[in-house]
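The following note sets out some points for a colleague who is beginning to read protein structures. Please keep the sequence and the model in view while going through them.

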Amino acid sequence: MTALATLARVYVDDLDTALPTFTALVGEEPRLRFEYRDLELATVGGFLLIAGTPEALAPYRDTHATVLVDSLDAILATGTVLDGPNVVPTGRNATLRHPGGAIIEYVQFLPA
């Protein structure tokens, strides 16, 4: 398994309000923007912005980072699966708790 990129998760109230700050910070426009469940998400540089109501965000706030991997199946044995594997707008994901307590979401991008 190979980690391709790590995204810092930033929880925000409103995506349209937050995006200008992050696009100015990293000097680029969002690469992805999509909806998942009751959330709006966008990637800008090394950030994954996640917007929603406090209730919608609550189940995700304990997740420390999102890691893009070349094989989701290969990562599943490295911790306790808390959620997934799921089909998501960008491919497949799963959230794992690792020894020591870190909770990480892993995403394997799949061609559309």
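1. Contacts of Y11. Setting aside neighbours within four places in sequence, Y11 touches I50, L57, Y60, R61 and T63. The model is a predicted one, and Y11 belongs to its strand β1, which covers residues 3-12.

2. Polar partners of Y11. Two of the residues just named also offer backbone oxygens to the side chain of Y11. The backbone oxygen of Y60 is 2.5 Å from a polar atom of that side chain, and the backbone oxygen of T63 is 3.2 Å from a polar atom of the Y11 side chain. As for distance along the chain, Y11 and T21 are separated by ten residues in sequence and by 14 Å in space, taken from C-alpha to C-alpha.

3. The sheet as a whole. In which order do the eight strands of the open sheet lie? The order is β2-β3-β4-β1-β5-β8-β7-β6, and the pairing is mixed. The edge strands, each of which pairs on one side only, are β2 (32-36) and β6 (80-88). From one strand to the next, the twist averages 25°. As background, strands of a sheet pair through backbone hydrogen bonds, in either a parallel or an antiparallel manner.

4. From β6 to β7. The edge strand β6 pairs with β7 (residues 91-97) in the antiparallel sense, over six bridges. Within this pairing, V81 stands opposite L96 of β7.

5. The neighbours of β8. Strand β8 comprises residues 103-109. With β7, strand β8 forms an antiparallel pairing over seven bridges. The hairpin of β7 and β8 has five residues between the strands, and G100 there takes a positive phi near 100°. Strand β5 (residues 65-69), by contrast, runs parallel to β8, and four bridges join them; L68 stands opposite V107 of β8.

6. Burial of β8 and of E105. Is E105, in strand β8, buried or exposed? E105 has a relative accessible area of 13%, and is therefore buried, since the cut-off is under 20%. Strand β8 is largely enclosed by the rest of the structure, because six of its seven residues are buried.

7. Surroundings of E105. The side chains of E105 and N93 are joined by a polar contact of 2.9 Å. T95 stands opposite E105. Apart from neighbours within four places in sequence, the residues in contact with E105 are R9, L48, T63, A65, T66, V67, N93, A94 and T95. The list thus includes T63, a residue that also contacts Y11.

8. Nonpolar cores. The largest nonpolar core has 14 residues, and Y36, L39, L41 and I50 have the most contacts inside it. At least two residues of this core come from each of β1, β2, β3 (39-44), β4 (47-51) and α2 (54-57). Another core, of ten residues, lies apart from the largest one and includes V10, A18, V44 and A51.

9. L41 as an example. Leaving out neighbours within four places in sequence, L41 is in contact with L15, L32, R33, F34, Y36, L48, L49 and I50. Among these are Y36 and I50, both listed with L41 as residues with the most contacts inside the largest core. I50 is also one of the contacts of Y11, the residue with which this note began.

Terms used
Residues are numbered from 1 along each chain as its sequence is written. This is a predicted model: local features need pLDDT of at least 70, side-chain atom pairs count only at pLDDT 80 or more; totals for chains, interfaces and linings use all residues. Side-chain values use heavy atoms; hydrogens and water are left out. Two strands pair if DSSP finds at least two bridges between them. Axes are lines fitted to C-alpha atoms, for helices over the stretch in contact, and angles run from 0 to 180 degrees between N-to-C directions. Contact means heavy atoms within 4.5 Å. A polar contact is a pair of N or O atoms within 3.5 Å; within protein, one must be able to donate a hydrogen and the other to accept it, and residues adjacent in sequence count only if both atoms are side-chain atoms. A nonpolar core is a set of buried Ala, Val, Leu, Ile, Met, Phe, Trp, Tyr and Cys residues joined through side-chain atoms within 4.5 Å. Buried means under 20% relative accessible area, exposed over 50%, partly exposed in between (1.4 Å probe, protein chains only).
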